[in-house]
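Here is a friendly tour of a fold, meant to be read with the model open on your screen. We will go through the strands and helices, and then turn to the empty spaces.

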Amino acid sequence: MKLEIKNLCFAYGSHEVVQDVSFSADEGDFVAVLGVNGVGKSTMLKCINKINRPNSGEILVESQPVSKLDNAELAQRIGYVAQNCQFSDGTVFDSVLLGRKPFIKWDVTAKDLEIVQQVLQLLSLEEFSMRNVLELSGGERQKVAIARALAQQTPVLLFDEPTSNLDLKNQLEVLRIIRDIVKQQHLTAVVTIHDLNLALRFANKFLAMVDGSVYSFGGIETITAQSIQEVYGVSASVITYDNHKVVIPK
């Protein structure tokens with residue numbers, strides 16, 4: 001098992017945000033985390049990545065407790081892309097190369113440079129490689145942040161709304177790349193996402209949250225008209241079109 005979350009709880013002061021969350025994801029799993037704004041999705045990711053320290057519960061990556069990993073060891077196991085990534089002044093190439101930092105001992109190697117070049121090509125960022133990252137649009141910077149995480153080559157990847165600043169074409173491209181890499185390299189991805197139809201198109205597991213707790217976790221069969229009503233408070237039909245399950249709000 002790549003990632004196991006057991007009875008995870010987290011509170012800001014007396015306000016409980018994540019309440020007794022448990023789920024597990026294996027290699028090849030693309031887990032879409034669903035729920036309304038403020039339900040605890042992003043907070044949960046930050047707990048997994050040790051940005052937030054849980055009040056209780058356990059997080060295991062490849063059977064190792066995250067709580068016992070130092071920062072370097074954690075960065076070798078978990079890649080994380082926040083909703084609003086911050087960048088320092090520098091080229092796109094150097095920004096993506098930072099993803100290799102946990103593995104660099106003395107100096108950058110030819111392998112590190114090759115990995116960065118491959119990721120830039122994968123995300124169609126080659127033409128931007130020598131551009132200053134601060135001069136890019138929000139959507140372009142989002143792709144750079146995703147490229148940096150992919151260059152990290154960790155067994156577990158966490159993405160917090162990775163498509164929020166992207167146009168439709170880039171949304172499809174980025175999620176397809178994440179899904180394919182996860183499958184081909186036997187990784188695990190946990191992705192918070194608001195677009196149910198994108199989630200249904202690319203994810204194979206779905207974690208739905210209500211009031212900081214798990215409403216349901218499982219395969220595509222968990223996404224029903226009833227679950228959408230209870231998770232989002234929205235009436236919808238769930239149909240199959242062109243071999244894809246599609247949600248149509250009423």
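Let's begin with strand β1, which is joined to strand β4 (residues 56–61) by five bridges, the two running antiparallel. This is a predicted model, and the protein has eight helices and 12 strands. Its radius of gyration is 18 Å, close to the 18 Å that the globule rule gives for 250 residues, so the protein is as compact as a globular protein of that length. Along the principal axes, the C-alpha atoms fill a box of roughly 55 × 45 × 30 Å.

**The four-stranded sheet**

- Within the pairing of β1 and β4, C9 has S56 of β4 as its bridge partner.
- β1 belongs to an open sheet of four strands with antiparallel pairing, in the order β2-β1-β4-β5.
- The edges of this sheet are held by β2 and β5 (64–65), each with a single partner strand, so one side of each is left without a neighbour in the sheet.
- β1 (residues 3–12) also pairs with β2 (residues 15–25), in the antiparallel sense and over seven bridges.
- Two bridge partners help you find your way along this pair: I5 is matched with F23 of β2, and F10 is matched with V18 of β2.
- β1 and β2 make a hairpin with two residues between them, and G13 in the turn has a positive phi of about 65 degrees.

**The six-stranded sheet**

- A second group to look for is an open sheet of six strands, ordered β6-β7-β8-β3-β9-β10, in which the pairing is mixed.
- Its edge strands are β6 (78–81) and β10 (213–218), and each of these pairs on one side only.
- From one strand to the next, the twist averages 15 degrees.
- At the β10 end, strand β9 (residues 205–210) pairs with β10 in the antiparallel sense over five bridges.
- To locate that pairing on screen, pick L207, whose bridge partner in β10 is F217.

**A helix that meets both sheets**

- Helix α1 (residues 41–48) lies across β3 (30–34), β6, β7 (156–160), β8 (188–192) and β9, and it runs at about 150 degrees to β7.
- α1 also lies across β1, β2 and β4, where it runs at about 115 degrees to β1.

**The hairpin of β11 and β12**

- Strand β11 (residues 236–241) and strand β12 (residues 244–249) pair in the antiparallel sense over six bridges.
- Y241 has H244 of β12 as its bridge partner.
- Two residues sit between the strands of this hairpin, and one residue to check there is D242, which takes a positive phi near 55 degrees.

**Pockets**

- How big is the largest pocket by volume? The largest pocket has a volume of about 530 Å³.
- Its lining is made up of 21 residues, with N49, A75, I78, P102 and Q152 lying nearest the centre of the pocket.
- α2 (71–75), β6 and α5 (138–152) are the elements that give two or more residues to this lining.
- By class, the lining of the largest pocket divides into 12 nonpolar, five polar and four charged residues.
- The second largest pocket has a volume of about 240 Å³.
- Of the 15 residues lining the second largest pocket, V119, L122, L150, I181 and Q185 are the closest to its centre.
- α4 (110–122), α5 and α6 (168–184) each supply at least two residues of that lining, and α6 gives the most, with five residues.
- The lining of the second largest pocket has nine nonpolar, four polar and two charged residues.

**The cavity**

- Rolling a probe the size of a water molecule over the atoms shows where empty space is left.
- The structure holds one cavity of 30 Å³ or more, and the volume of the largest cavity is about 60 Å³.
- Lining the largest cavity are L34, L196, A208, S216, T222, I223, S227, I228, V231 and Y232.
- Which helix gives the largest share of this lining? Helix α8 (residues 225–232) does, with four residues.
- The lining of the largest cavity has seven nonpolar residues, three polar and no charged ones.

Technical notes:
Residues are numbered from 1 along each chain as its sequence is written. This is a predicted model: local features need pLDDT of at least 70, side-chain atom pairs count only at pLDDT 80 or more; totals for chains, interfaces and linings use all residues. Side-chain values use heavy atoms; hydrogens and water are left out. On a 1 Å grid over the protein atoms alone, a cavity is a set of points where a 1.4 Å probe fits but cannot get out, and a pocket is an open set with protein on both sides within 12 Å along at least five of seven lines; lining residues have an atom within 4 Å of a point. Grid points are joined across faces, edges and corners, and a volume is the space filled by probe spheres set on the points. Ala, Val, Leu, Ile, Met, Phe, Trp, Tyr, Cys and Pro count as nonpolar, Asp, Glu, Lys and Arg as charged, and the others, Gly among them, as polar. Two strands pair if DSSP finds at least two bridges between them. Axes are lines fitted to C-alpha atoms, for helices over the stretch in contact, and angles run from 0 to 180 degrees between N-to-C directions. Contact means heavy atoms within 4.5 Å. The radius of gyration is taken over C-alpha atoms; the globule rule is 2.2 Å times the number of residues to the power 0.38.
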